[in-house]
Amino acid sequence: MLPPGPSAPPLVQTLRWLRAPVPLFEECRERYGPTFTLRLKVGAPIVCLTDPAHVKELFTAPPDVLHPGEGGRILEPILGSHSVLVLDEDAHLEQRRMMLPAFHGDRMTALTEALEELTARAVDELPRDEPVALHPRMQLLTLRVILRAIFGLRAGPRLERFETVLTDYLERGSAPVNMLPALQRDLGPRSPWGRFLRVRREALALLHEEIRARRADRDHDGDDVLAMLLGARHGDAGGGRPMADDEIADELMTLLVAGHETTASQLAWTFERLARTPDVLATAVRAADADDDAYLTAVLNEGLRMRPVLLFAQPRAVHRDVELGGRRYTAGTCAITANVHLIHHDPEIYPQPHRFRPERFLERPPGTYTFVPFGGGRRRCLGMSFAMLEMRIVLRELLRRRTVQAVGDGGEGPLRRHITVSPARGGLVVLGDRGGYAARAAQTLATSSSSR
Ligand code: HEM
């Protein structure tokens, strides 16, 4: 028997999960305790864990027992069948092993300058002294970052073509209506799914063209992820052969989908929170001026804790019978996940969980099973360091050059976009001119030397 959960029909639970997931989770935690089951119209029942000890068991279970790839099948039409996200066991390990080197620290550092340039341009383009929703602006920036750092594209008509087609692709792929398997049917070129399939074909054709061009172009200097994938080799079982074009295309699509909306929404949330917490904002501005990465990272972590864009880790389908958190689960009956939102708002772990207080992460570093915005175990987010680097650069640049003011009194509620949640008003703020960074730095220096 599965853990208790709401008895409402799956359609009702799905609508609540789509429209207002946070109250649904909180109500379930309150009513049914730390482990509960949701029954949605998508896939098997989902068991949500909120106890970190159980989450540890979940993240460390053997690969043949729990199948996150199977639990993430809902994403296959968007990512493709070779995607690391939809595979399990050896096939998953193989793809992940080939992708990992591209995300190592030194590779990331090499991309810093490119990220800084793109960020500076994006900040230049932000309007001042009028309300601006940061989310769409951050979407454009994270798309440009991916096109440069992952696909290796430089300014020019090709880049513009990619920008147009992929924006359309991401927009259609993120529509909640395209999430339900029952609606994933081509009912003609005007139906949502029909349009999605057409733009998917267009996006894939572009990717394949790019892969072929890059294979032929031996002069490309290649600090990007695509360069690494072109050089990657399958292990012994795969005969040491290079990755096929299909595989590379699916992984590029995966990195785009996994890394674009998540990072953009997380940035929008971070500014939404900062703008409503003036004392933290003031400290963060000083940290940006002083290049204090530790505080900026704590701000990002606090944003990830309080407003995680993915409310739960990828559900792990139970592939073999397993005992977890003192309960037995039979193969094929459910998928199990860590409920990120509830874990991050547990007052036993995070006192005053509704307070935006980055200092908590300076006092105590994030715990492996209590801070899980990037999931965990062998499925932990592959782009975590990349996302943190990118978000730190954006946070620093924007705080150095602009003042940030909230619009409206209350905080923004969540709005679902496919599997992520973003601020309902897009992270609406008014940005002002802070004056030159050099002038600021001089001022900070003068203040700190006079206070000595
Ligand atoms: C704030 C930004 C991001 C957040 C919050 C986030 C979160 C996550 C989460 C929760 C998972 C599932 C992990 C699990 O279930 O254990 C995941 C997987 C993944 N993420 Fe991210 N992610 C972010 C950015 C990125 C970026 C920038 C990239 C790449 C450029 C990326 C690539 C991936 C990939 C490839 C996986 C699948 C890993 C696997 O199945 O082995 N993510 N991410």
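This passage describes aromatic contacts, the iron site and a set of paired strands in a predicted model.

A search of the whole structure finds nine aromatic pairs. One of these is formed by tryptophan 17 and phenylalanine 312, whose rings are stacked, with 6.4 Å centre to centre and 15 degrees between the planes. Because tryptophan 17 belongs to helix H1 (residues 10-19), whereas phenylalanine 312 lies in the loop between helix H15 (293-306) and strand E5 (316-318), this pair ties together parts that are 295 residues apart in sequence. Tryptophan 17 and phenylalanine 312 are both buried. A further aromatic pair, between phenylalanine 59 and tyrosine 369, is tilted, with a centre-to-centre distance of 6.4 Å and 40 degrees between the planes. Here phenylalanine 59 is part of helix H3 (residues 52-60) and tyrosine 369 is found in the loop between helix H17 (359-363) and helix H18 (384-401), so that the contact ties together parts that are 310 residues apart in sequence. With a relative accessible area of 4%, phenylalanine 59 is buried, a class that is assigned under 20%. Beyond the individual pairs, one aromatic cluster is formed by Trp17, Phe25 and Phe312.

Aromatic rings also take part in contacts with arginine side chains. The charged end of arginine 305 sits over the ring of tyrosine 350, at 5.2 Å from the ring centre, and the charged end of arginine 307 sits over the ring of tryptophan 269, at 5.4 Å from the centre of that ring.

The iron atom of the ligand receives a single donor from the protein, the SG atom of Cys381, which is 2.3 Å away. Cysteine 381 is placed in the loop between H17 and H18, the loop that also holds tyrosine 369 of the tilted pair described above.

Strand E8 (residues 335-338) is covered on both faces, since Ala335 and Thr337 on one side and Ile336 and Ala338 on the other are all buried. In a regular strand, the side chains alternate between the two faces of the sheet. Strand E2 (residues 46-49) runs parallel to E8 and is joined to that strand by four bridges, with valine 47 standing opposite isoleucine 336 of E8. Strand E5 pairs with E8 in the antiparallel sense over two bridges, and arginine 316 likewise stands opposite isoleucine 336 in E8. Isoleucine 336 is thus a residue of E8 that valine 47 faces and that arginine 316 also faces.

Conventions:
Residues are numbered from 1 along each chain as its sequence is written. This is a predicted model: local features need pLDDT of at least 70, side-chain atom pairs count only at pLDDT 80 or more; totals for chains, interfaces and linings use all residues. Side-chain values use heavy atoms; hydrogens and water are left out. Rings of Phe, Tyr and Trp (its six-membered ring) pair if their centres lie within 6.5 Å; planes under 30 degrees apart count as stacked, over 60 as edge-to-face and the rest as tilted. Buried means under 20% relative accessible area, exposed over 50%, partly exposed in between (1.4 Å probe, protein chains only). A charge sits over a ring if NZ of Lys or CZ of Arg is within 6 Å of the ring centre and within 35 degrees of the ring normal. Donors are N, O and S atoms within 2.8 Å of the metal (3.2 Å for Na, K and Ca); water is not among the atoms, so sites may look incomplete. Two strands pair if DSSP finds at least two bridges between them.
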